[in-house]
Amino acid sequence: MTPPSPPLPSGASRGGLALTGPELIAWGRRMGAQAQPPLIIAMFGQLGAGKTTLAAAICAGYGVRDEVTSPTFALVHTYDAPRSLVHHLDLYRLESPRELQNIGWDDVVAANPLVIIEWPERAGELLPEQHIPIELRHPEGQGAEEPDRRVLYAGGHVGYRTGAR
């Protein structure tokens, strides 16, 4: 029997949204405010698509008071919040899912906190099936008049593992 999908916060509506930077931050804050642990959010997207900006907004909405920064070099940042810890991971620098053991992956995903993962495709088969995927993209044909716009796809493919649809 397949375990039930995690509840999708209402701030994570299915489908695509074209958002400016401030709108992306507002969306992330709403999602964070509605998130209930345990919850894993897997953020896919190219470099510069806004994953860390969105992670910071989700953390702010969730109640994190510390500055949220990219964990690219540390790989994991942990923050306190009223409802649970928040683990923010950036797996960009990993060459193999086996390297997840070095950052305490099993403990992070088993602790029942809010987990936000950038570059989750690097986790391969170790990415839990029960996660909310969010994909950020630059709009196709985006003109110079809208350099800050992103297209956000959320929750429409809960459980997909490596970006394949």
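**View 1. Helix α2 on the sheet of the predicted model**. Helix α2 lies across β2, β4 (86-90), β5 (114-118), β6 and β7. Its direction makes about 170 degrees with that of β5. Within this helix, Leu 54 is in contact with Leu 24, Trp 27, Gly 28, Met 43, Ile 134, Leu 136 and Leu 152, when neighbours within four places in sequence are left aside.

**View 2. The open seven-stranded sheet**. The strands follow the order β1-β7-β6-β2-β5-β4-β3, and their pairing is mixed. The edges of the sheet are formed by β1 and β3 (76-79), each of which pairs on one side only. From one strand to the next, the twist averages 20 degrees.

**View 3. The pairing of β1 with β7**. These two strands run antiparallel and are joined by four bridges. Gly 16 has Tyr 153 of β7 as its bridge partner. Helix α1 packs on the sheet, where it touches β1, β2, β6 and β7. The direction of α1 makes about 130 degrees with that of β1.

**View 4. Helix α1 and its buried face**. Helix α1 comprises the 14 residues 21-34. At 1.5 Å a residue the helix should span 20 Å, and its end C-alpha atoms are indeed 20 Å apart, so expectation and model agree. The buried residues of α1 are Gly 21, Leu 24, Trp 27, Gly 28, Met 31 and Gly 32. Seen down the helix axis, these residues fall within an arc of 135 degrees and therefore line one face of α1. An α-helix has 3.6 residues a turn, so residues three or four places apart point the same way. The cover over the buried residues of α1 includes β1 (16-19), β2 (39-45), α2 (51-62), β6 (132-137) and β7 (150-154).

**View 5. The largest nonpolar core**. This core has 26 residues, of which Ile 41, Leu 54, Val 86, Ile 116, Ile 134 and Leu 152 touch the most other members. Two or more residues are given to the core by each of α1, β2, α2, β5, β6 and β7. The greatest contribution comes from α2, with five residues.

**View 6. A second nonpolar core**. Separate from the core of View 5, this set consists of 16 residues. Among them are Leu 89, Ile 103, Val 115 and Trp 119.

Conventions
Residues are numbered from 1 along each chain as its sequence is written. This is a predicted model: local features need pLDDT of at least 70, side-chain atom pairs count only at pLDDT 80 or more; totals for chains, interfaces and linings use all residues. Side-chain values use heavy atoms; hydrogens and water are left out. The expected span of a helix is 1.5 Å times one less than its number of residues. Buried means under 20% relative accessible area, exposed over 50%, partly exposed in between (1.4 Å probe, protein chains only). The arc is that of the directions from the helix axis to the C-beta atoms. Contact means heavy atoms within 4.5 Å. Two strands pair if DSSP finds at least two bridges between them. Axes are lines fitted to C-alpha atoms, for helices over the stretch in contact, and angles run from 0 to 180 degrees between N-to-C directions. A nonpolar core is a set of buried Ala, Val, Leu, Ile, Met, Phe, Trp, Tyr and Cys residues joined through side-chain atoms within 4.5 Å.
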